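Open the model in a viewer and keep the selection tool at hand. The stops below are given in the order in which to select them.

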Amino acid sequence: MGAPCSSGVPPERSIHSSGMYKLEIELKRGNNLAVRDRGGSSDPYVKFKLAGKEVFRSKTIHKNLNPVWEEKTTLVVDCLSEPLYVKVFDYDFGLQDDFMGSAYLYLESLEQQRMIPVTLALKDPHHPDQDLGTLELAVNLTPKDSPVEERRDSTVRMSADYSSQFSSVRLSELHRKSQLWRGIVSIALIEGRNLIPMDPNGLSDPYVKFRLGPQKYRSKTVPKTLNPQWREQFDLHLYEETGGVLEITVWDRDTGRRDDFIGRCQLDLSTLAKEQTHHLELPLEESRGYVVLLVTLTASAAVSIADLSVTPLDDPQERREILKRYVSPTSGRSVNCRDVGIVQVKVMRAEGLMAADVTGKSDPFCVLELNNDRLQTHTVYKNLNPEWNKVFTFNVKDIHSVLEVTVFDEDRDRSADFLGKVALPLLHIRNGEQKSYVLKNKELTGPTKGVIYLEIDVIYNTVSLIPVCLMSFFQLFVVVVWNFELYMLPLALLLLLVWNYFFSSSRETESEHRGFMDKLYAIQDVFISVQNALDEVASHGERIKNTVNWTVPFLSWLAITALCSATVLLYLIPLRYLVLAWGVNKFTKKLRDPYMIDNNELLDFLSRVPSDVQVMQYRELKVDPGQSPSKRKRTNPS
C-alpha cells in the first residue's frame with residue numbers, strides 16, 4: 001500500500017508540520033477482526049481520535065468479522081506531528097464495549113494532495129503479539145492554503161469571522177455543529193410482520209433499536225410474538241440539510257443472557273420528501289420480516305443559539321409579533337395544537353463550581369434539555385466561575401415539560417464529568433427574571449457545589465391545550481350498549497368459564513424442564529414486575545393527591561373545569577348516551593386513523609402532575625446574588 005501503517009516508520013520526505021490541513025478519510029472495511037462475542041462473532045465499530053479527542057465514530061456492523069463500512073469523513077488538522085489514533089470496539093448493549101484493537105496513522109508520512117490506500121494492522125498494547133486483524137482506509141491530506149483546496153472550497157466557504165470571534169474558547173467546528181440541528185425526524189414505530197422465531201417456543205420477544213448518528217432510541221419489548229405491535233412515537237434530529245442514514249435493528253430480548261439479533265435495515269432520509277408523512281414497510285436484511293414505520297421530516301426553525309447581543313425577545317418589535325402569535329385573541333390566526341409556544345433561556349454564568357481536574361480547575365460547559373431537544377454551550381477551559389452569555393430558543397411541545405440544565409466538565413479522552421444540575425418546570429417560571437439556582441446532584445435530591453445564573457422567558461398558546469374530540473358512528477357498540485341488561489354480565493362470565501373448560505381439556509399440555517437458573521431468572525422477573533407495578537400505583541396516588549393539594553394550580557383548575565363539565569353532563573344527559581358517545585369515539589379511532597398511537601386521557605393528565613419525588617426534585621434552590629460563594633456554601637439547604 002502507498003502509506004505506512006501503525007509501525008511508526010519515519011517519513012521519507014520532510015514537510016512542514018504546522019498550518020491548517022484538510023484530511024479526507026474513507027473507512028472501507030475490516031479484515032479478520034477479533035472475536036468478542038460468545039457466538040463466535042463481533043459487532044465492530046471504529047473511533048478516530050485526534051489530539052486526545054474523538055472526532056469521528058462509524059456505524060456498528062452487527063455479527064461480522066469482515067465488516068464493510070464505506071463511510072467518509074473530513075477533518076481539519078492544524079498539526080501533523082500528532083498522529084491519528086484509530087480504535088475498534090465491539091458494541092455490547094447495556095454493557096461496556098469490548099476493545100478489539102488499535103493503530104496509529106502518522107500524518108507526517110502521508111503524501112499530500114493524492115488519495116492513498118492505507119492498511120492499518122490492529123494491535124493490543126497489552127498483548128502486542130496477538131493478531132487482531134486489519135483496517136482498510138483511503139486518505140487524502142491537502143493543505144488548506146493550496147490552490148487545489150482553494151478551488152474546491154470556493155463554492156462552500158462560509159464566514160471566517162467565527163474562528164476569530166471565539167478564539168478564546170477553543171470550540172471546534174465539529175463541537176459547534178453538534179449543537180444545532182436543521183430539522184426533526186418524527187418516527188412512529190407501528191408494528192413488525194413475520195419476524196423469525198428466536199426462542200425454543202417458536203416465538204420471539206422483539207424490540208427495535210434506532211440510531212441516527214450519535215442519537216439512539218430503544219422501543220419497548222413485546223413478548224412472545226412474531227407480529228409485534230409497538231405503537232410508539234419519538235423524535236430524532238437532523239444535523240445535515242441533506243438528511244442522514246437511519247439504522248434500524250431488531251432484537252429478541254433474553255433474560256440473563258445476550259439478546260439475539262433478528263435483523264437490520266437502513267433508511268436514507270435524503271430520499272424522503274419533507275413536510276410529509278411517509279408510510280414505510282422496510283424489509284429486514286439478512287432475515288425475513290418487515291418493520292412498519294411512519295416517518296415525517298420537518299424543519300426546526302425555532303431552535304437556535306445566539307449571543308446576548310442577539311436576543312429575539314429583547315427586540316420590542318419581534319416580541320410583539322411573538323406575543324401576537326401566541327397570546328393575542330384578535331390575531332386572526334387558526335389554532336395549531338402543535339404550535340404551543342417558545343422558551344428563551346439566557347445562560348449567563350456559574351460560580352463556585354466543583355473542581356474536577358487534578359489542577360484544581362474544571363473545563364465546564366452547559367447542556368440544556370427540553371423533551372427531545374438538546375443544546376449546549378461552548379466550553380470555558382480551566383475556570384470555576386465560567387461566563388457563557390448565550391441565548392437558547394426552544395420549541396414548546398408540552399407546556400407541562402421540565403427544562404433541565406446540566407453542567408459538565410469536558411475531558412479529553414473520556415466521557416464528561418457531572419458537575420451539577422437543575423430542573424425547572426415551565427409552568428413555574430417567571431418571565432424575564434434573572435435568578436441564581438443552586439446546582440443539585442444527578443438525582444435532584446440534594447444540592448452540590450456551585451450556582452448557575454439563568455433568565456428564562458416562556459410564551460405559550462393556552463388555546464392549543466384544549467383537546468378536540470371527534471365523534472362518529474360504531475353500530476355494534478351502539479347495539480350492545482342500548483340493549484345491555486345486568487343479567488348479561490354473569491351470563492358472559494359463565495360462557496367464558498365453559499369455553500375455557502372445553503378448550504383447556506382438549507389442549508395438549510407440554511411439559512418443559514427448566515433449569516435452576518431459568519427458574520431464578522423467572523422469579524427475578526416476577527419481583528421486578530411487582531415492584532414496577534407497585535411503584536406505578538404509588539406514583540399515580542401521589543399525583544392524584546398533588547392535584548387535590550393544588551401543587552400545580554393550572555392543573556388543579558383544569559381538573560375543576562373537567563369535573564364541573566362532567567357534573568353538568570351527567571345531570572342533563574342520561575349515562576347511557578354518554579357511554580355511547582365515549583364508545584363511538586373510542587372504537588372508531590382506528591377506522592379514522594389506522595396508525596394512531598393509543599393513549600389514555602386520564603393517564604396523560606396525571607403524567608403532567610408531579611409525584612412527591614418530582615416535587616422535591618423540581619423545588620428551586622435560590623440564593624441571594626449578593627452572597628459570596630463561601631457564605632453561599634454554608635447556607636445551602638440540605
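Select Arg349 first: in this predicted model Arg349 is partly exposed, with a relative accessible area of 26%. Add Glu351, whose side chain meets that of Arg349 in a salt bridge with an N to O distance of 3.5 Å. Glu351 has a relative accessible area of 18% and is therefore buried, the cut-off for that term being under 20%.

Next, select Arg29, Glu70 and Glu136, which salt bridges with shared partners join into one network. The count of salt bridges comes to 12.

Two further pairs are worth displaying as sticks. In one of them, the side chains of Glu24 and Lys22 form a salt bridge at 3.9 Å, N to O; both Glu24 and Lys22 are buried. In the other, Asp43 and Arg258 meet through their side chains at 2.6 Å, N to O, again as a salt bridge. This pair links distant parts of the chain, with the two positions 215 residues apart in sequence. Asp43 sits in the loop between S1 and S2, while Arg258 sits in the loop between strand S13 (245-252) and strand S14 (260-268). Is Asp43 buried or exposed? Its relative accessible area is 1%, so Asp43 is buried. Arg258, at 27% relative accessibility, counts as partly exposed.

**The nonpolar cores**

Now select Leu23, Phe48, Leu84, Leu107 and Val139. Within the largest nonpolar core, which has 33 residues, these five touch the most other members. To see where the core comes from, colour strands S1 (18-31), S2 (44-50), S3 (53-57), S4 (68-79), S5 (84-90), S6 (98-105), S7 (116-121) and S8 (134-143); each of them supplies at least two core residues.

Centre on Leu107 and show what surrounds it. Beyond its neighbours within four places in sequence, Leu107 is in contact with Leu23, Leu50, Val77, Leu80, Glu82, Leu84 and Leu141. Then move to a second, separate core, which has 30 residues, including Val340, Ala350, Phe392 and Tyr437.

**Buried charged side chains**

Go back to strand S2 and pick Lys47. Lys47 counts as buried because its relative accessibility is 18%. Which residues is Lys47 in contact with, leaving aside its neighbours within four places in sequence? They are Glu54, Phe56, Arg57, Tyr85, Val86, Lys87 and Phe89.

Asp409 is the next selection, in strand S22 (residues 402-409). Its relative accessibility is 0%, so Asp409 counts as buried. Measure from its side chain to the backbone of Asp363: a polar atom of the Asp409 side chain lies 2.6 Å from the backbone nitrogen of Asp363. Apart from neighbours within four places in sequence, the contacts of Asp409 are Ala356, Asp357, Ser362, Asp363, Pro364, Phe365, Ala416, Asp417 and Leu419.

**Strand S21 and the backbone angles**

Select strand S21 (residues 387-396), where Asn389 lies. Asn389 is not a glycine, yet it has a positive phi of about 50 degrees. Most residues other than glycine have a negative phi. With a relative accessible area of 28%, Asn389 is partly exposed.

Lys390 lies in strand S21 too. At 8% relative accessibility, Lys390 counts as buried. Draw a C-alpha to C-alpha line from Lys390 to Lys346: the two are 44 residues apart in sequence and 5.8 Å apart in space.

A positive phi also occurs at Arg231, near 55 degrees. Arg231 is found in strand S12 (residues 229-238) and, at 22% relative accessibility, counts as partly exposed.

**A nonpolar surface patch**

Switch to a surface view and select Tyr487, Leu491, Leu494, Leu495, Val498 and Phe502. Together they form a nonpolar patch on the surface, with about 610 Å² of accessible area. Within the patch, Leu495 lies in helix H6 (residues 488-505). Leu495 counts as exposed because its relative accessibility is 54%.

**The whole chain**

Finally, clear the selection and zoom out. The chain has 13 helices and 25 strands. Of its 638 residues, 41% count as buried. About 36000 Å² is exposed, with carbon and sulfur atoms supplying 56% of that area. Of the contacts between residues at least 6 apart in sequence, 66% join residues at least 24 apart.

Notes
Residues numbered from 1 in each chain as written. Predicted model: local features only at pLDDT ≥ 70, side-chain atom pairs only at ≥ 80, totals over all residues. Heavy atoms only, no water. Core = buried A, V, L, I, M, F, W, Y, C linked by side-chain atoms within 4.5 Å. Buried < 20%, exposed > 50% of the residue type's maximum accessible area, 1.4 Å probe, protein only. Helix = DSSP H or I, 4+ residues; strand = E, 2+ residues; numbered from the N terminus. Contact = heavy atoms within 4.5 Å. Patch = residues over 30% accessible without salt bridge, like charges linked within 9 Å, V, L, I, M, F, W, Y side chains within 5 Å. Areas by Shrake-Rupley, 256 points an atom, 1.4 Å probe, with all protein chains shown as cover. Salt bridge = Lys/Arg side-chain N within 4 Å of Asp/Glu carboxyl O. Polar contact = N/O pair within 3.5 Å; in protein donor to acceptor, adjacent residues only side chain to side chain.
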